[in-house]
Amino acid sequence: MTSTALLKQTVETIEWTPDGVVMIDQTKLPRETVFVTCRTYREMADAIRNMVIRGAPAIGVAGAMGVALGVLESEDLDTEIPVICDTLARTRPTAVNLFWAIDRMKNLYDSIRTLPLPEIRNRMVAEAKLVREEDIAINEAMGANGAPLVPDGKTVLTHCNAGALATAGFGTALGVIRAAVREGKKIDVFVDETRPFLQGTRLTAWELQRDGIQTTIITDNMAGHFLKSGRIGCVVVGADRIAANGDVANKVGTYSVAVLAKENNVPFYVAAPISTLDLTLESGDQIPIEQRPEKEVTHLGGVHLAPEGVSVANPAFDVTPNRYVTAIITEKGVARAPFNKSLRTLCEKG
Ligand code: MRU
């Protein structure tokens with residue numbers, strides 16, 4: 001993996017180039033705008049694991065492109081494809097988009113495996129690029145479906161980063177906010193800092209500021225105070241996996257925000273593509289929750305703040321029970337309770 005500290009005109013989260021897959025390094029933003037190039041599927045697996053790229057739809061695209069890199073490296077695909085897919089799938093367990101994208105690439109391979117190798121390679125690379133293009137279009141559609149739900153003249157609260165950086169472009173939750181602003185709504189955004197990785201402070205605030213959308217960072221523990229104040233018109237967040245009953249896994253801290261939103265009669269919206277639905281799981285209890293390194297909690301900006309030897313817990317996600325979710329916004333429409341029925345209906349829609 002190589003890095004370039006080159007400032008591009010428009011910042012792309014992830015791009016397929018003749019030199020490899022180029023991604024903006026999200027561990028360094030906003031202090032440094034550095035691009036990394038992955039040329040092998042193993043480099044891509046490391047980039048996903050280390051959160052150089054993160055966010056459910058974005059790691060889906062990265063997974064698809066990682067498989068395509070592996071296909072370019074390999075001379076014996078029948079042997080190598082399972083290894084490539086397994087290596088990429090073992091990086092992060094919660095966001096189902098990663099597995100969805102890897103399965104999509106694997107299924108394509110199974111259907112074309114008797115073709116000549118150069119043709120298989122071309123088709124697999126084209127599919128990975130298509131996953132990226134489709135994601136941008138899906139986010140635009142989600143934005144159009146969600147924008148009418150955002151109250152005019154109020155503040156929107158969001159948690160983590162569900163923006164262009166967490167997707168191939170435009171964003172899920174931030175896509176809804178962007179679409180509402182485009183429609184002429186006068187809104188501003190409160191951004192939870194999102195400890196411990198600070199996706200809110202570092203990434204969401206950076207994105208919204210670049211768009212000229214009025215943005216205020218709050219620490220996570222301030223959310224209740226502002227939800228009670230009457231200032232917040234709605235909460236919009238993304239998701240990493242949604243079970244058949246509408247339980248939502250998203251960045252840790254989302255559950256607390258959802259409970260506080262309900263307590264204060266503030267609508268709580270989740271914006272996510274259909275590829276984030278996992279209808280094989282009956283409820284959120286079955287969603288695997290990633291445990292991340294202790295250092296993310298004990299250190300801040302590289303400085304060790306906690307006492308030596310203290311125990312640390314660092315679940316990266318939590319599950320919000322469906323009773324706290326006002327609606328789930330997808331590219332195919334908006335689902336409301338009972339989610340078991342409404343999510344299936346959306347999935348079956350052409
Ligand atoms: O650990 P991360 O940064 O990958 O977690 C990201 C989130 O939880 C996002 O809210 C979610 O993936 C939705 S992104 C459109």
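Two aromatic pairs turn up in a search of the whole structure. In one of them, the ring centres of Phe-190 and Phe-226 are 4.8 Å apart and the planes stand at 80°, so this pair is edge-to-face. The model is a predicted one. It also holds 19 salt bridges.

**Aromatic rings**
- Phe-190 belongs to strand β6 (residues 188-192) and Phe-226 to helix α8 (residues 223-228), so their pairing ties together parts 36 residues apart in sequence.
- Phe-190 counts as buried because its relative accessibility is 2%, and buried means under 20%.
- Arg-202 lies over the face of Phe-197, 5.1 Å from the ring centre.
- Lys-251 places its charged end over the ring of Phe-317, at 4.3 Å from the centre.

**Salt bridges**
- Side chains of opposite charge can pair when their charged atoms come close.
- Arg-132 and Glu-12 form a salt bridge, with 3.0 Å between the closest N and O atoms.
- This pair links distant parts of the chain, 120 residues apart: Arg-132 is in helix α5 (residues 117-146), and Glu-12 is in the loop between β1 (2-4) and β2 (14-17).
- Arg-132 is buried at 10% relative accessibility, whereas Glu-12 is partly exposed at 24%.
- Arg-104 bridges to Glu-127, the closest N and O atoms being 2.8 Å apart.
- That pair joins helix α4 (residues 96-112), home of Arg-104, to helix α5, home of Glu-127, across 23 residues of chain.
- Both Arg-104 and Glu-127 are buried.
- Arg-178 and Asp-211 meet in a salt bridge at 2.5 Å, N to O.
- Here the link runs from Arg-178 in helix α6 (residues 173-182) to Asp-211 in helix α7 (residues 199-211), 33 residues apart.
- Arg-178 is buried, with 11% relative accessibility, but Asp-211 is partly exposed, with 41%.
- Arg-92, Glu-290, Arg-292 and Glu-296 form one network through salt bridges that share partners.

**Buried parts**
- Of the 18 residues of helix α2, 16 are buried, so the helix is largely enclosed by the rest of the structure.
- Helix α2 (residues 56-73) should span 26 Å at 1.5 Å a residue, and its end C-alpha atoms are indeed 26 Å apart.
- Ala-249 sits in strand β10 (residues 248-251) and is buried, at 0% relative accessible area.
- The C-alpha atoms of Ala-249 and Glu-193 are 18 Å apart, with their positions 56 residues apart along the chain.

**Surface**
- Leu-300, Val-303 and Leu-305 make up a nonpolar surface patch, with about 270 Å² of accessible area together.
- Val-303 is in strand β14 (residues 303-304) and counts as partly exposed, at 46% relative accessibility.

Notes. Residues numbered from 1 in each chain as written. Predicted model: local features only at pLDDT ≥ 70, side-chain atom pairs only at ≥ 80, totals over all residues. Heavy atoms only, no water. Patch = residues over 30% accessible without salt bridge, like charges linked within 9 Å, V, L, I, M, F, W, Y side chains within 5 Å. Areas by Shrake-Rupley, 256 points an atom, 1.4 Å probe, with all protein chains shown as cover. Salt bridge = Lys/Arg side-chain N within 4 Å of Asp/Glu carboxyl O. Helix = DSSP H or I, 4+ residues; strand = E, 2+ residues; numbered from the N terminus. Buried < 20%, exposed > 50% of the residue type's maximum accessible area, 1.4 Å probe, protein only. Phe/Tyr/Trp six-rings, centres within 6.5 Å; stacked < 30°, edge-to-face > 60°. Lys NZ or Arg CZ within 6 Å of the ring centre and 35° of its normal. Expected span 1.5 Å × (residues − 1).
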